[in-house]
Amino acid sequence: MQYVAPIGVGLLYALVMSLIREPHRRRFNAVMVAGAGAAYLSGGGLGGWEFAFTAVLTYVAYRGLDSWTFIGVAWLLHTGWDIVHHIKGNPIIPFAHTSSLGCAICDPVIALWCFAGGRTPKELVAWVRRARERKGAVAGETGRAAEPDAGLSGA
């Protein structure tokens, strides 16, 4: 359950965030990931590196004010920081020893949603459908080009 629940949390996060209208949704998520970057500051498990990481993530989150891609990158950076903290034994929630592991599982789910443009579920389904249709159209075109031309075979 410790591996499945964080995936559900990431999906729930994306679903709840989808209720916010654009462009506020993107900007709100940039602020959220900036806050996540400071989550480990009070624990100080990595000393001065905590401040360096917070500064880097703050910059990437700032760029995310205008770009879902930067927000996704910021969540992946946070994932890496979660893994370091989990391995070092300095979890995000001091009394929950696997909390950083859970965060490291949850964050990539959020990042994938961000890389997909932070779309609502309805927009996401339409986006996937259009991508499949484009893929099918391209495959159909190459399929026709690969068929031998009966007029040139001399039969």
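**Exercise 1.** In this predicted model, list the residues that Trp113 touches, not counting residues up to four places away in sequence.

*Solution.* Contact requires heavy atoms within 4.5 Å. With that cut-off, Trp113 touches Tyr13, Ala14, Met17 and Ser18. The list continues with Arg25, Asn29 and Trp68. Gly118 and Arg119 complete it.

**Exercise 2.** Place Trp113 in the largest nonpolar core and state which elements build that core.

*Solution.* The largest nonpolar core has 22 residues. Trp113 is among those with the most contacts inside it, together with Tyr13, Val33, Ile71, Trp75, Ile110 and Cys114. Next, assign the core to elements: helices H1 (4-17), H2 (24-37), H3 (49-63), H4 (68-88) and H5 (99-115) each give two or more residues to it. In soluble globular proteins, nonpolar side chains tend to be buried together.

**Exercise 3.** Describe the fold and overall dimensions of the chain.

*Solution.* Start with the elements: the chain has six helices and zero strands, in the order α-α-α-α-α-α from the N terminus. Then take the extent: the C-alpha trace spans about 80 × 35 × 30 Å along its principal axes. Compare the radius of gyration: the chain has 21 Å, whereas a compact globule of 155 residues would have a value near 15 Å. Finally, consider contacts between residues at least 6 apart in sequence: 68% of these join residues at least 24 apart.

**Exercise 4.** Summarise burial, surface and charge for the chain.

*Solution.* Of the 155 residues, 34% count as buried. The exposed area is about 9,600 Å², of which carbon and sulfur atoms supply 69%. For charge, count 14 positive and 10 negative side chains; the centres of the two sets lie 6 Å apart.

Conventions. Residues are numbered from 1 along each chain as its sequence is written. This is a predicted model: local features need pLDDT of at least 70, side-chain atom pairs count only at pLDDT 80 or more; totals for chains, interfaces and linings use all residues. Side-chain values use heavy atoms; hydrogens and water are left out. Helices (H or I, at least four residues) and strands (E, at least two) are DSSP runs, numbered from the N terminus. The radius of gyration is taken over C-alpha atoms; the globule rule is 2.2 Å times the number of residues to the power 0.38. Buried means under 20% relative accessible area, exposed over 50%, partly exposed in between (1.4 Å probe, protein chains only). Accessible areas come from the Shrake-Rupley method with a 1.4 Å probe; for residues, only the protein chains shown count as cover. Lys and Arg count as positive and Asp and Glu as negative; His and the chain ends are not counted. The place of a charge is taken as NZ of Lys, CZ of Arg, CG of Asp or CD of Glu. A nonpolar core is a set of buried Ala, Val, Leu, Ile, Met, Phe, Trp, Tyr and Cys residues joined through side-chain atoms within 4.5 Å.
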